[in-house]
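Reader: I'd like a close look at the loops, please, mainly their backbone geometry. Start there, then walk me out to whatever else can be tied in.

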Amino acid sequence: MFYQPRSIKQALEDWNSGNDSGLDLTKLLSDCIAEFKDNDQYYRDDIRFLKIWFFYMDFSEDFESVFQNMCQSKICAGNSLLYVWYASFLESKGKLYDASMVYQMGISRNAKPVEWLKKAHALFLERMSEIVSSAQTSGNDESIPFGILINPWSSSTMKVLLKKINHQLMKYDGYWCTTNAYSGKVVLSSLKNSSRNKTIEIGCTKYQIIDCADHGGFAQVYKAYVSCNPDDVVALKLQKPAFPWEFYMYHQLDQRISDKEVCIPDPPILLHLYSDCSILVCDYLANGTLQDAINSFAVIGKSMEEVLCIYYTIEMLYMLETLHGVGIIHGDFKPDNLLIRYARNDFTTDGFCDRSGPWHDQGLCLADWGRGIDMHLFPDNMEFKGDCRTSGFRCV
């Protein structure tokens, strides 16, 4: 039996014009697939044959079985078109979770061209974020399909969330907002190059910049003296464009977690929110990060003692367990964001087991909540897919 492309084309034209019920076309497609699906040499990787499968799928009530047969016969298994077309087909049927899984299947198989496949998946996730954003704006969380994947860091999602929490932000101590741009004498962007000993004015307070403590992809953190007083040290976190999310996250942590449960930095002292930037004024923690501690051992060619590694590991696992238990995900959990804490007094083993006494001040403190996720702002059973786009190590 031999099928010419024009016969299927003619059958499609007849069906589209209403001259055919579709039964003849369905049989023609079915017979064509049965004839050529096991022909590895000529048709397995032929895009024309892939189109015939999808024409047939459109007429089939059990389209999932059709796709399974395609996979079993390895029809264009190494071509991105297979996964993009089927994911788009599933999306049109409202099967959004399944569509995302198909994209991921193709990426895991490195289907060519894989960059085009990844781009198609990213656009799909953006469309899903818009669906969730629209539902949240209307206050109708019930309309969000179960199993939908959302990018919690996309601009559309963050825009909706910030609007949702705006009334809470205004209630927090230290919140200061203006619709004007920052008008200080020192241009904030100039601090990146040479910041030492510059004095900037924020609100009615002057801060003497001592050092750049951290320079990330989203913000810069500076060590500063309040009113040039060396005994009053703070950290200034400058971010452009303005981003009050971290201020909100710290206050949520303060409300949901006792400092006896897990160590979280105190909420920022102040948030100055301008139209072009935001500035967090926080307590300065001077003992460095877990990454600094790891590097200090590496410099001298040694490894951190096993008992200390175990203790820090316990701290990290306990942190995550506690945070996730109250509906909070850090989103950027890595050694750079774990600050070292030292006991204020001489500590003993007394109280180690019940986390009381001086041992409570010994260990790690989790900072930098700019990528944090508040699960209470999303519908139940929400699943996330995205890239927090932080520099260096990427949290899973």
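Author: Quick vocabulary first: helices here are DSSP runs of H or I with at least four residues, strands are runs of E with at least two, and both are numbered from the N terminus. By that count the protein chain has 11 helices and 13 strands. Bear in mind that this is a predicted model, where local features need pLDDT of at least 70, side-chain atom pairs count only at pLDDT 80 or more, and totals for chains, interfaces and linings use all residues. Residues are numbered from 1 along each chain as its sequence is written, and side-chain values use heavy atoms, with hydrogens and water left out.

Now for the loops. Most residues other than glycine have a negative phi, and most peptide bonds are trans. Two residues here go the other way on phi. Cys 228 sits in the loop between strand E5 (219-226) and strand E6, and its phi is positive, about 60°, although Cys 228 is not a glycine. Strand E6 itself spans 229-239. With a relative accessible area of 42%, Cys 228 is partly exposed (20% to 50%; buried is under 20% and exposed over 50%, with a 1.4 Å probe and protein chains only). Further along, Asp 368 also has a positive phi, near 60°. Asp 368 belongs to the loop between strand E11 (363-366) and strand E12 (373-374), and at 23% relative accessible area this residue is partly exposed too.

Then there are the cis peptide bonds. At the other end of E6, in the loop that leads to helix H9 (245-256), you'll find Pro 241. Lys 240 is joined to Pro 241 by a cis bond with omega of about 0°. Another cis bond links Lys 112 to Pro 113, and there omega is about -10°. Pro 113 is in the loop between helix H6 and helix H7 (114-137).

H6 is a good place to step out of the loops. The axes of H5 (residues 80-92) and H6 (residues 96-108) come within 8 Å and cross at roughly 175°; axes are lines fitted to C-alpha atoms, for helices over the stretch in contact, and angles run from 0 to 180 degrees between N-to-C directions. H5 and H6 are therefore roughly antiparallel, a label for angles over 145 degrees. Among the residues in contact (heavy atoms within 4.5 Å) are Tyr 83, Tyr 86 and Leu 90 of H5, and Leu 96, Val 102 and Tyr 103 of H6. By class, this contact has 10 nonpolar, 2 polar and 2 charged residues (nonpolar covers Ala, Val, Leu, Ile, Met, Phe, Trp, Tyr, Cys and Pro; charged covers Asp, Glu, Lys and Arg; the others, Gly among them, are polar).

H5 has another partner. Helix H4 (residues 63-72) packs on H5 at an angle of about 170°, with the axes 12 Å apart, which makes this pair roughly antiparallel as well. Phe 63, Glu 64, Phe 67 and Met 70 of H4 meet Leu 82, Tyr 86, Phe 89 and Leu 90 of H5. This contact splits into 7 nonpolar, no polar and 1 charged residues.

For contrast with the partly exposed Cys 228, look at Cys 32 in helix H2 (residues 23-36). Cys 32 is buried, with a relative accessible area of 3%. The C-alpha atoms of Cys 32 and Trp 53 lie 9.2 Å apart, with their positions 21 residues apart along the chain. Zooming right out, 43% of the 396 residues count as buried. Of the contacts with a separation of 6 or more, 62% are between residues 24 or more positions apart.

Key. Angles under 35 degrees count as roughly parallel, over 145 as roughly antiparallel, 65 to 115 as roughly perpendicular and the rest as oblique.
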